[in-house]
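Q: Hi, I'm new to this one and would like a careful walk through it. Could you show it to me before we start?

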Amino acid sequence: MDHQLEIAYARVEVADRDAVASFLTDVVGLAPSEPTTDGDLTWTDDDAVQRVIMSEGPADDLVALGFEAVDGEAFDATFARLTEAGYAPTARDDLASARRAKWIASVDAPWGSPVELAFGLERTAAPAPTPLMPGGFLTTDMGFGHAVVATTAFDESLRFVTEGLGLVQSDWLEMELAPGIDLEVHFFHCNPRHHSLALARAPFEMPRLHHLMFETKDRDDVGHAFDRAFDAGCTLPNGLGLHDNDRMFSFYVASPAGFQVEVGHGARQVGDPWTDDRRYDRISAWGHQPVAPRA
């Protein structure tokens, strides 16, 4: 496998920063980290000093997605590939301090927010303590988790992801959600994680960030996170279940900003060569049903 990239961080802009901050810390169980030089709040799920970066504003959406190159050669190769595909990345030395990285480049993605290419993320000697997730998170050689982006610019986004970033399709989902309402999602890998990024075809303009996923090392940590979300009265669009394509045991909880967080465990990983790029016609093998709020 040509392992050049790992998903590095997600930058979100939210209207109610205090509510989302409490959600990420007290429900999801991420570790608060130091604010950026711009004053944004940050969280991590491992030894990288920032994995979620949150600013205050009206968007309630993703404003940038970061991918880390595994070395300088991978950074240069990805920059060149984006350029050759016609996407015009630019070096952004001015962002390096705020992103806690040695090098940063930025490129506009067709879905409407930048992708930032990073090299040399600042790391600590050991993963940040996550007492609500005592088993820790699975991130080594894969990055923080994954992101799912919905876009009406679906076809151009596919080309950007594959020809520009160099990600490889793992598989795809096509199904009818309801009469006349179809769902199409394509899943892409750039390392052993089944997908670091997925693209959903949006039927109309909507917030681009559907969800962020964080994968635990301990299955029980998923259950404890589910209990925290339920006890906090959070909206649970999908209760505990098992995805059909990546075999992840997980649930989904809505953040106060509207985007969702998936907390999961045990997803299968991509092999080399990958020979299972095929269509799925259901989201889950079982479960993932909406959960009624506590009475």
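A: Here it is, and please keep in mind that this is a predicted model. One definition before we count anything: helices are DSSP runs of H or I with at least four residues, strands are DSSP runs of E with at least two, and both are numbered from the N terminus.

Q: OK, so how many helices and strands are there in the protein?
A: The protein has five helices, alongside 18 strands.

Q: And how does its radius of gyration sit against the globule rule?
A: The radius of gyration is 18 Å, and the globule rule gives 19 Å for 295 residues, which is close, so the protein is as compact as a globular protein of that length. Along its principal axes, the C-alpha trace spans about 55 × 40 × 35 Å.

Q: What share of the residues is buried?
A: Buried residues make up 55% of the 295. As for the surface, the protein exposes about 12300 Å², with carbon and sulfur atoms supplying 52% of that area.

Q: Switching topic, what about the charges?
A: There are 22 positive and 48 negative charges, and the mean positions of the two sets lie 2 Å apart.

Q: Now the sheet of eight strands: open or closed, and in what order?
A: That sheet is open, its pairing is mixed, and its strands follow the order 2-3-4-1-5-8-7-6. At the edges are strand 2 (31–33) and strand 6 (90–91), each of which pairs on one side only.

Q: What does pairing involve, in general?
A: Strands of a sheet pair through backbone hydrogen bonds, and they can do this either parallel or antiparallel.

Q: Then is strand 5 parallel or antiparallel to strand 1?
A: Strand 1 (residues 5–14) and strand 5 (residues 61–69) are antiparallel and share eight bridges, and in one of these pairs Arg 11 has Ala 64 of strand 5 as its bridge partner. Strand 5 also runs parallel to strand 8, to which five bridges join it, and there Ala 69 has Phe 119 of strand 8 as its bridge partner.

Q: Is strand 8 mostly covered or open?
A: Strand 8 (residues 114–119) is mostly covered, with five of its six residues buried.

Q: And which way does strand 7 run beside strand 8?
A: Strand 7 (residues 103–108) runs antiparallel to strand 8, and six bridges join the two; within this pairing, Val 107 stands opposite Val 115 of strand 8. The two strands form a hairpin with five residues between them, where Gly 112 takes a positive phi near 110 degrees.

Note on methods:
Residues are numbered from 1 along each chain as its sequence is written. This is a predicted model: local features need pLDDT of at least 70, side-chain atom pairs count only at pLDDT 80 or more; totals for chains, interfaces and linings use all residues. Side-chain values use heavy atoms; hydrogens and water are left out. The radius of gyration is taken over C-alpha atoms; the globule rule is 2.2 Å times the number of residues to the power 0.38. Buried means under 20% relative accessible area, exposed over 50%, partly exposed in between (1.4 Å probe, protein chains only). Accessible areas come from the Shrake-Rupley method with a 1.4 Å probe; for residues, only the protein chains shown count as cover. Lys and Arg count as positive and Asp and Glu as negative; His and the chain ends are not counted. The place of a charge is taken as NZ of Lys, CZ of Arg, CG of Asp or CD of Glu. Two strands pair if DSSP finds at least two bridges between them.
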